[in-house]
Amino acid sequence: PVGHGFGPENVQNKKGDYVADPVDGMPVRIIALDTDADIGAQGAYSNERIDSFLKPALAKAESDGVLVIVISHHPPGSIPLNGGKIREVLNSSPNVALHLVGHGHKNRVEVRSAADPLHGYWEVQTSSLVAWPQQARLIELVDNRDGTAEFWLTMIDYDTEHSELAAASRFMAAYEVHTGEDSGTSHEGDSTDRNGGLPIALPSAVRTRFAQLNGAEIESKQF
């Protein structure tokens, strides 16, 4: 689709890695890793794809002066062969600030620190919509105008008042928890895994580009 960075090579190699700049003029880039394995539920990501896609994409982001948000279905901890290597590569780039993951069906926020204090990033996993607590996560990037920024995380519930299907889904998720069929209460995570602010240091080129942008209202303040 237009805007998702897919090209003929994706059709040829049957992999969904892509790069996208979601907002024109905003120095924020999405780098998506297709971690689905051919067989089984665990993730997979080869050395060849790390060298041919991930590393060049990170180098290009650094030269372009953009902040990087990496997304993948599997967290590195669920990629048996190269999960540790992926984290090392992400930690090697000063422009990587956030890695959004799923698969675990549990809210989780962890810092991935590096030896260099200007490196390191946050790994954020959000619970699934198919199981309790059936929440999504709003993520806002707030520039503090002092060389730092924060990711503001806010858990949100979907509307059940105007949809019988949504209401039924919420009921069944709660029913499974109360009957013991699903230990969904653990999916909520701790309070620090849900709402909060995650501080980051902005690379100088990104800081300069952010300073040229006009401010906007922080949506979660309206909640």
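Helices (H or I, at least four residues) and strands (E, at least two) are DSSP runs, numbered from the N terminus. With that in hand, let's read the chain. It follows the pattern α-β-β-α-β-α-β-β-β-β-β-α-β-α along the sequence. That makes five helices and nine strands.

A word on the source. This is a predicted model, where local features need pLDDT of at least 70, side-chain atom pairs count only at pLDDT 80 or more, and totals for chains, interfaces and linings use all residues. Residues are numbered from 1 along each chain as its sequence is written, and side-chain values use heavy atoms, with hydrogens and water left out.

Now the overall shape. The C-alpha trace spans about 55 × 45 × 40 Å along its principal axes. The radius of gyration is taken over C-alpha atoms, and the globule rule is 2.2 Å times the number of residues to the power 0.38. For 223 residues, that rule puts a compact globule near 17 Å; the chain has 19 Å, which agrees.

How much of the chain is buried? Buried means under 20% relative accessible area, exposed over 50%, and partly exposed in between, with a 1.4 Å probe and protein chains only. By that cut-off, 42% of the 223 residues count as buried.

Contacts next. Contact means heavy atoms within 4.5 Å. Take the contacts with a separation of 6 or more: residues 24 or more positions apart account for 63% of them.

On to the sheets. Strands of a sheet pair through backbone hydrogen bonds, either parallel or antiparallel. Here two strands pair if DSSP finds at least two bridges between them.

Six strands form an open sheet, in the order E1-E2-E3-E4-E6-E5, with mixed pairing. Its edge strands are E1 (18–20) and E5 (108–112), and each pairs on one side only. Neighbouring strands are turned by 20° against each other on average, direction ignored. For angles, axes are lines fitted to C-alpha atoms, for helices over the stretch in contact, and angles run from 0 to 180 degrees between N-to-C directions.

Let's walk across that sheet. E1 and E2 (residues 28–33) run antiparallel, joined by three bridges. Tyrosine 18 has alanine 32 in E2 as its bridge partner. Further along, E3 (residues 67–72) pairs with E4 in the parallel sense, over five bridges. There, valine 68 has valine 96 of E4 as its bridge partner.

E4 also pairs with E6 (residues 121–125), again in the parallel sense. That pairing has four bridges. One of the partners is glutamine 125 in E6, for valine 101. E5 and E6 run antiparallel, with five bridges.

Why is E4 described as largely enclosed? Five of the six residues of E4 (residues 96–101) are buried, so the rest of the structure largely encloses this strand. E6 gets the same description, because five of its five residues are buried.

In a regular strand the side chains alternate between the two faces of the sheet. Look at E6: Tyr121, Glu123 and Gln125 point one way, while Trp122 and Val124 point the other way.

Two helices pack on this sheet. H2 (residues 47–64) lies across E1, E2, E3 and E4, and runs at about 180° to E2. H3 lies across E3, E4, E5 and E6, running at about 135° to E6.

H3 (residues 83–91) also joins E3 and E4 in a right-handed β-α-β unit. Right-handed means this: with the strands pointing away from the viewer, the path from the first strand over the helix to the second runs clockwise.

One residue deserves a stop. Arginine 108 sits in strand E5. Is arginine 108 buried or exposed? Its relative accessibility is 17%, so arginine 108 counts as buried. Its bridge partner in E6 is glutamine 125. Among the residues that arginine 108 touches are Pro75, Val101, Arg137 and Asp193, not counting residues up to four places away in sequence.

Arginine 108 also has a polar contact of 3.5 Å, side chain to side chain, with glutamate 110. A polar contact is a pair of N or O atoms within 3.5 Å; within protein, one must be able to donate a hydrogen and the other to accept it, and residues adjacent in sequence count only if both atoms are side-chain atoms.

Last, the other sheet. It is open, has three strands in the order E7-E8-E9, and its pairing is antiparallel. E7 (135–143) and E9 (196–201) are the edge strands, each pairing on one side only. The twist averages 25° from one strand to the next. Nine bridges join E7 to E8 (residues 148–157). Across that pairing, aspartate 143 stands opposite alanine 149 in E8.
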